[in-house]
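Subject: Structure handover

Dear colleague,

Here is the structure we spoke of handing over. Please open it alongside this message; my notes follow below.

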Amino acid sequence: RAWEYHDMGVMTHAGNAFAIDFYNPHVDPISRKECNPFLIDEEVVDTCIKDAAIDFCGYFVPPPKNCIKDITLHVSSQLHKIDEKRFDTKCSYKRLGLEMDAPGRELYKKAASEAMKRGMNMSPFVRVDNGTVSFDSWTKETTSAHLAIDTFAKIKDPEAREWNDKPCTPYFGGALCAKYDKDGNMKIEM
């Protein structure tokens, strides 16, 4: 399975620029199990991030002082920012922090986890509502929880998932996106 690529910026050392590239193993359920959390300066990081920092700092001879610690903390803070903005993207898989080839059971686990983080339960059997139920107060967390549930509903069915995964053809300078259904009819997405 593929990992998610992130450009984490550039480090300049001795007048040369070095790109900090990170391939996020957290999107793969098997690789995620190998990432064990630990603390650096009261910040929770994991061994996968530290291993990436060790690889990056290995390019320098001699390595800069505190290179591994600084790069580990930098990548960890950038991943937290990326995770906070996941729900702003249109891609269903990026919203849930998974790769496109994620199995169905992993989709549910991740969507339920995201909904529960935001204080909402997700039933494994049916949708709790159809999106029209009025809550006492719609907070950012409530909206994000519903977005996680709706994202799961959008890709849980194999036929709907196939439709979601189809690439679209841009029209009108990229303002609209069109896909063709199984009958050959063009449908416009906005």
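The notes below cover a pair of packed helices, one residue at their contact, and the cysteines. Please keep in mind that this is a predicted model.

The helix pair

Helix α2 spans residues 47–57 and helix α3 spans residues 67–84. The two pack with their axes 8 Å apart, at an angle of about 130 degrees. That angle falls neither over 145 degrees nor within 65 to 115, so α2 and α3 are oblique to each other. Their crossing is right-handed.

On the α2 side, the contact is made by Ile49, Lys50, Ala53, Ile54, Phe56 and Cys57. These meet Cys67, Ile68, Ile71, Thr72, Val75, Ser76 and Leu79 of α3. Sorted by class, the residues in this contact are ten nonpolar, two polar and one charged.

Isoleucine 68

Isoleucine 68 is part of helix α3. Setting aside neighbours within four places in sequence, isoleucine 68 touches Lys50, Ala53, Ile54 and Cys57. For alanine 53, the C-alpha to C-alpha distance from isoleucine 68 is 5.3 Å, with the two positions 15 residues apart in sequence numbering. Isoleucine 68 has a relative accessibility of 34%, and therefore counts as partly exposed.

The cysteines

The model has two disulfides.

The disulfide of cysteine 35 and cysteine 48 has its sulfur atoms 1.9 Å apart. The torsion about its S-S bond is about -90 degrees, so this disulfide is left-handed. Cysteine 35 sits in the loop between α1 (29–32) and β3 (37–40), and cysteine 48 sits in helix α2, so the pair, 13 residues apart, links distant parts of the chain. Both of these cysteines are buried.

Cysteine 57 and cysteine 67 form a disulfide with a sulfur-to-sulfur distance of 2.0 Å. For this pair too the S-S torsion is about -90 degrees, which means a left-handed disulfide. Cysteine 57 belongs to helix α2 and cysteine 67 to helix α3, and the two are ten residues apart. Cysteine 57 and cysteine 67 are also named among the residues where α2 and α3 meet.

How buried or exposed are the cysteines of this second pair? Cysteine 57 has a relative accessible area of 4% and is buried. Cysteine 67, at 6%, is buried as well. Cysteine 91, by contrast, has a relative accessible area of 31%, which makes it partly exposed.

Regards

How values were computed
Residues numbered from 1 in each chain as written. Predicted model: local features only at pLDDT ≥ 70, side-chain atom pairs only at ≥ 80, totals over all residues. Heavy atoms only, no water. Axes fitted to C-alpha atoms, helices over the stretch in contact; angles between N-to-C directions. Helix = DSSP H or I, 4+ residues; strand = E, 2+ residues; numbered from the N terminus. Parallel < 35°, antiparallel > 145°, perpendicular 65-115°, else oblique. Left-handed = near helix turned anticlockwise from the far one by under 90°. Contact = heavy atoms within 4.5 Å. Nonpolar A, V, L, I, M, F, W, Y, C, P; charged D, E, K, R; others polar. Buried < 20%, exposed > 50% of the residue type's maximum accessible area, 1.4 Å probe, protein only. Disulfide = S-S within 2.5 Å.
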